[in-house]
Amino acid sequence: RRWLRQHEYVEKLNMHGILSASAGQEQLLTELLVTHAKIPVLIGELISVEIWKHKIFPVLCRLEDFKPRSTFPIYVVLHHEASIINLLETVFFHKEVCESAEDSILDLIDYCHRKLTLLAARSTKAPAATSAELRAEPLASPSSLQADPVPPQELQKQAEVMEFEISLKALSVLRFITDQVDSLPLSALTRMLNTHNLPCLLVELVEHCPWSCWEAGKLKKFENGTWHVVSPEDWVKMTKLDGQVWLALLNLLLSPECQRKYRFDGFNKSQLLKLRAFLTDVLIDQLPNLVEMQRFLSYLAVTDPAPPKKDLILEQVPVVWDRILKKNSGKWEAIAKHQVQHAFSPTEEELKLQARRWARTYSLDMMEALAPEKPRCRVCGAEAAKRCSRCRNEWYCSRACQVQHWQKHKPACNLMA
């Protein structure tokens, strides 16, 4: 219950941050998080959920006695990581927030690197389903209560969809961190440039662009939480995600301190020079700062920068990830079995209580104001103007569709009402 209450607080902060940022009034929220030293707490919580997904969740799906009738408890944990990274994306634009992370900035850099590596690895795969596309499936509703147990494959599919969108948020957070390279501790720069070689990883993202793909002869791009077909006249238009990668590269490659610390060896140099093929006039017109990048790469092509000096320094290392792994090493299966019994097998009464708390956490009017598109009918997908009067959670275009869907919706409606 304590953890669920904490999730509610994070979710409310996340929604408040989105609304405040859209109105240009997020200063109060950032001051609150900085004053109460909550950024390191959020980063620690973010990494804890990430480890749960890697170590506990796969074990849960393999357990024979794990046959959940409701995905609600699992959904909340999966959604917790998305809520935190979204909140960090909203506030990390501000320098004081980045500085208030203190030593935990190293853990956040490592987290972003892991997510960007996943993005680069999946760039050759088919586009993932999106959260919007999963809404037509029973699993997609966090309050769903199924007559039959939900198969583990469906749970893993939902986790995979969230992982893609979380990774895109991590890209934005990393870009905001690189905006503050002049005020970051030396260990953070060393970790980004040499430990993880982020410039070369960003080149991979430019080259393979995992948020863009061809399907049936049409170009599709991922924006605002969904894949959409791009008209031919917009093929060369830079998306927000493209811009984040290029801005991060600008910050890392053109900063004098970064140039002094980065190893421009044969491999790194050859990778960076691949960017010249993408620096077209059309791209530079959309982001004029790339002219400086073009000049730098032209200079790099004909010179061999001096290797960085090997200064004798005591380097800080991230601690959150290693501390959690060492504390729980060898206990993952025992933890999973404990959670099956005490967290993920709630009674119907407990589910009702959790669903009502979830409904109170989300203001429907607020969520509708944030939604980029008008609601769609749960049955036929047409534009909807009516919704269930009991739970106010499902939309329909007509009473006929509502009646048709009632038997499936009834268990969830009883939970939420």
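This is a short chat about salt bridges, cysteines and one serine in a predicted model.

Colleague: What are the ground rules here?
Modeller: The model is predicted: local features need pLDDT of at least 70, side-chain atom pairs count only at pLDDT 80 or more, and totals for chains, interfaces and linings use all residues. Residues are numbered from 1 along each chain as its sequence is written, and side-chain values use heavy atoms, with hydrogens and water left out.

Colleague: How many salt bridges does a search of the whole structure find?
Modeller: The search finds 15. A salt bridge here is a side-chain nitrogen of Lys or Arg within 4 Å of a carboxyl oxygen of Asp or Glu.

Colleague: How far apart, N to O, are lysine 53 and glutamate 81?
Modeller: Their side chains meet in a salt bridge at 2.7 Å, N to O. The pair links distant parts of the chain, with lysine 53 in helix H3 (residues 39-62) and glutamate 81 in helix H4 (residues 72-91), 28 residues apart. Helices are DSSP runs (H or I, at least four residues), numbered from the N terminus.

Colleague: Are lysine 53 and glutamate 81 buried or exposed?
Modeller: Both are buried. Buried means under 20% relative accessible area, exposed over 50%, partly exposed in between (1.4 Å probe, protein chains only).

Colleague: And where does lysine 269 sit, relative to aspartate 304?
Modeller: Lysine 269 and aspartate 304 form a salt bridge at 3.0 Å, N to O. Lysine 269 is in helix H13, while aspartate 304 is in the loop between helix H15 (290-302) and helix H16 (320-328), 35 residues apart. Why does lysine 269 count as buried? Because its relative accessibility is 13%. Aspartate 304 counts as exposed, at 67%.

Colleague: Which residues do shared salt-bridge partners join into one network?
Modeller: Lys53, Glu81, Lys115 and Glu163.

Colleague: Switching to cysteines. How many disulfides turn up?
Modeller: The whole-structure search finds 0. A disulfide needs a pair of cysteine sulfur atoms within 2.5 Å.

Colleague: Why no bond for cysteine 401?
Modeller: Because the closest cysteine sulfur, in cysteine 397, is 3.8 Å from the sulfur of cysteine 401, too far for a bond. Cysteine 401 is buried, at 10% relative accessible area. Cysteine 98 is buried too, at 3%.

Colleague: Last one. Where is serine 255?
Modeller: Serine 255 lies in the loop between helix H11 (240-254) and helix H12 (256-261). Its relative accessible area is 8%, so serine 255 is buried.

Colleague: What does serine 255 touch?
Modeller: Val181, Asp182 and Leu250, not counting residues up to four places away in sequence. Contact means heavy atoms within 4.5 Å.

Key: Helix = DSSP H or I, 4+ residues; strand = E, 2+ residues; numbered from the N terminus.
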